[in-house]
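The following note concerns two loop residues and the nonpolar core of the structure shown below. The points are numbered for ease of reply.

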Amino acid sequence: MGEQPIYSTRAHVFQIDPNTKKNWVPTSKHAVTVSYFYDSTRNVYRIISLDGSKAIINSTITPNMTFTKTSQKFGQWADSRANTVYGLGFSSEHHLVKFAEKFAEFKEAARLAKEKSQEKMELTSTPSQESAAGDIQSPLTPESINGTDDERATPDVTQNSEPRAEPTQNALPFTHRLVKGGVPTILTHMHLASPNQEGSTISKHWEAELAALKGNNAKLTAALLESTANVKQWKQQLAAYQEEAERLHKRVTELECMSGQANVIKSHKTELNQTIEELESTLKAKEEEIERLKEEVDNAHQLQAQRDSLTQKLQETETRNKDLEVQLSELEQRLESSQMEQEAFRKNLKTLLEILDGKIFELTELRDNLAKLIECS
């Protein structure tokens, strides 16, 4: 199947400034497609993004990576292999959350794949150890049990071998006896002993030794067969690895053949990128138009609310104006009645003044008359 995309989104791509390690440097002029790829052959997850024919992101997901959301629309992760930090700016928080969830999911899948690979390596290494144990046992052939000079040091080595070397360990005491006492020693005793007294004892002893040799030989044969089976298993695995290597070599050859069509693919890709850029510009214009229309609708709603508020205030003002007109009419009536009362009061006062003037004149005449009377007297 090869490498296939499994999830894609769009975002603005940034990389950390390699000099300052603080500022973000944009690697794309506009939003580009960022995709998760899965390679079923190598069981590897990667994040890939292209800006035209240039790969601006090529990051393999490892279990020790972490995707961090630094704001509602921005996230970042560090790639130690590329020696950089990637940053993505999304159009909405939903896209950021979705990308982060996919990152965590594929990171866990990469971790599980790594553990399975390690377990497989441990399982394949176990037959190697068993085969090595078989190789240690293989020198213990019947010739070595017979105590030849070339194999007398073998028992010390086999005593430290793997637990599967139990048949060899069972054979060691007898080997030590043969090496320590030696066959010539037994034969010397045989020559020195009397045939009548020791013949039957020696015969039984050799029969027991022969039976022990047969048992040890059977055990060694079983161990050799098991070692041979392990070797066959390793040969099968080696053949499988060779087939896998041949398949990969064919794949590389196919890819090299496909590279001859790179110019045609690049031209198609360029045309597609141009079309995508035109569509993106059109989409951006439509989005701006939609935003403008949304703003106009919001303004219309605000104007409608202001109009309703002003209408209500106008109604309240008209009601209050009517009340003021009624109050003004009442005040005008009261003013008119007050003016009439003032006019009547003024007339009464004038009359009173005329009366008072008459009285004062009469009192003046009376005073003059009294004064004359006093002078006359």
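1. Asn-43 belongs to the loop that joins β3 (32-39) and β4 (44-51); helices (H or I, at least four residues) and strands (E, at least two) are DSSP runs, numbered from the N terminus. The model is predicted: local features need pLDDT of at least 70, side-chain atom pairs count only at pLDDT 80 or more, and totals for chains, interfaces and linings use all residues. Residues are numbered from 1 along each chain as its sequence is written, and side-chain values use heavy atoms, with hydrogens and water left out.

2. The phi of Asn-43 is positive, near 55 degrees, in a residue other than glycine. Asn-43 counts as partly exposed because its relative accessibility is 32%, where buried means under 20% relative accessible area, exposed over 50% and partly exposed in between (1.4 Å probe, protein chains only).

3. Asn-83, in the loop between β7 (74-79) and β8 (84-89), also has a positive phi, about 55 degrees, although it is not a glycine. With a relative accessible area of 60%, Asn-83 is exposed.

4. The largest nonpolar core (buried Ala, Val, Leu, Ile, Met, Phe, Trp, Tyr and Cys residues joined through side-chain atoms within 4.5 Å) has 23 residues, and Tyr-36, Ile-47, Ile-57, Trp-77, Leu-88 and Phe-99 have the most contacts inside it. At least two core residues come from each of β1 (3-16), β3, β4, β5 (54-60), β8 and α1 (93-137). The largest share, six residues, is supplied by α1.

5. Trp-77 is in contact (heavy atoms within 4.5 Å) with residues including Ile-47, Ile-57, Leu-88 and Phe-99, leaving aside residues up to four places away in sequence.
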